[in-house]
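Reader: I would like a close look at a single part of this model, with its surroundings described afterwards. Please keep the cut-offs explicit.

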Amino acid sequence: MSEISKIYKRMYGIGKGCFIQQCCTFFGRGGIAIGNEVFIGPKVNLITINHDVNQVWIGINSTILPGVKIGYGAIVGAGSVVTKDVPAMTIEAGNPARIIKRIFPNSVPTNNHLKKHFLKELSEV
């Protein structure tokens, strides 16, 4: 835990393989834990009581309101205002954000499943 975390007795952290673009605001009074492989676009606002995100993609100029949890593999569309928890493996967008698509709707993906899916898409480009 960092010295700042010890002073405020909150959890702050950024995992491995994260990419955070410019002009983001992390208002972390309640602590922010950003897991591994999280992509955060420009001008994203994380306004906390607390947030827990892991292997997600948050689009440009999105706002994540206090107490919201972003599920594994979820994507938040650009300009979204997220007021409720985002389920794993979904795409949400809008103001307020809502589910617009489920990723792998008929199966429970594993890490290997995800790798095969994304590698297949890349090979088709």
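In which sense, parallel or antiparallel, do β13 and strand β14 (residues 97-102) pair, and over how many bridges?

Author: The model is predicted, so local features are given only at pLDDT of at least 70 and side-chain atom pairs only at pLDDT 80 or more, while totals for chains, interfaces and linings use all residues. Numbering starts from 1 along each chain as its sequence is written, and side-chain values use heavy atoms, with hydrogens and water left out.

β13 and β14 pair in the antiparallel sense, over 5 bridges. Strands here are DSSP runs of E with at least two residues, and helices are runs of H or I with at least four, both numbered from the N terminus; two strands pair if DSSP finds at least two bridges between them. Within this pair, E92 stands opposite I99 in β14. The connection from β13 to β14 is a hairpin through 2 residues. P96 is placed in this loop, and the peptide bond leading from N95 to P96 is cis, with omega near 0 degrees. For comparison, most peptide bonds are trans, and most residues other than glycine have a negative phi.

β13 (residues 90-94) has another partner in strand β11 (residues 75-76), with parallel pairing over 2 bridges. There, I75 stands opposite I91 in β13. β13 thus appears in one antiparallel pairing and one parallel pairing.

Elsewhere, 4 strands form an open sheet with parallel pairing, in the order β3-β6-β9-β12. Its edge strands, each pairing on one side only, are β3 (25-27) and β12 (81-82). Between β3 and strand β6 (residues 45-47) there are 3 bridges in the parallel sense, and F27 stands opposite I47 in β6.

S62 sits in the loop between β8 (57-58) and β9 (63-64). Its relative accessibility is 0%, so S62 counts as buried (buried is under 20% relative accessible area, exposed over 50%, partly exposed in between, with a 1.4 Å probe and protein chains only). The S62 side chain reaches the backbone oxygen of G59 at 2.9 Å. Beyond four places in sequence, the contacts of S62 (heavy atoms within 4.5 Å) include K43, V44 and N45, as well as V76, G77 and A78.

K43, one of those contacts of S62, lies in the loop between β5 and β6. K43 is not a glycine, yet its phi is positive, at about 60 degrees; at 45% relative accessibility it counts as partly exposed. A positive phi is also found at E37, near 55 degrees. E37 is in the loop between β4 (32-34) and β5 (39-40), and its relative accessible area of 44% makes it partly exposed.

Confidence is expressed as pLDDT, the predictor's score for each residue from 0 to 100. The chain averages 77, and 67% of the residues score at least 70. The lowest confidence is in helix α1 (residues 3-8), at a mean of 45, and the highest is in β12, at 96. Over residues 1-8 the pLDDT is below 50, and this stretch has 4 contacts in the model beyond near neighbours in sequence. Residues 118-125 are also below 50, with 0 such contacts. Where pLDDT is low, the predicted coordinates should not be read in detail.

Conventions:
Polar contact = N/O pair within 3.5 Å; in protein donor to acceptor, adjacent residues only side chain to side chain.
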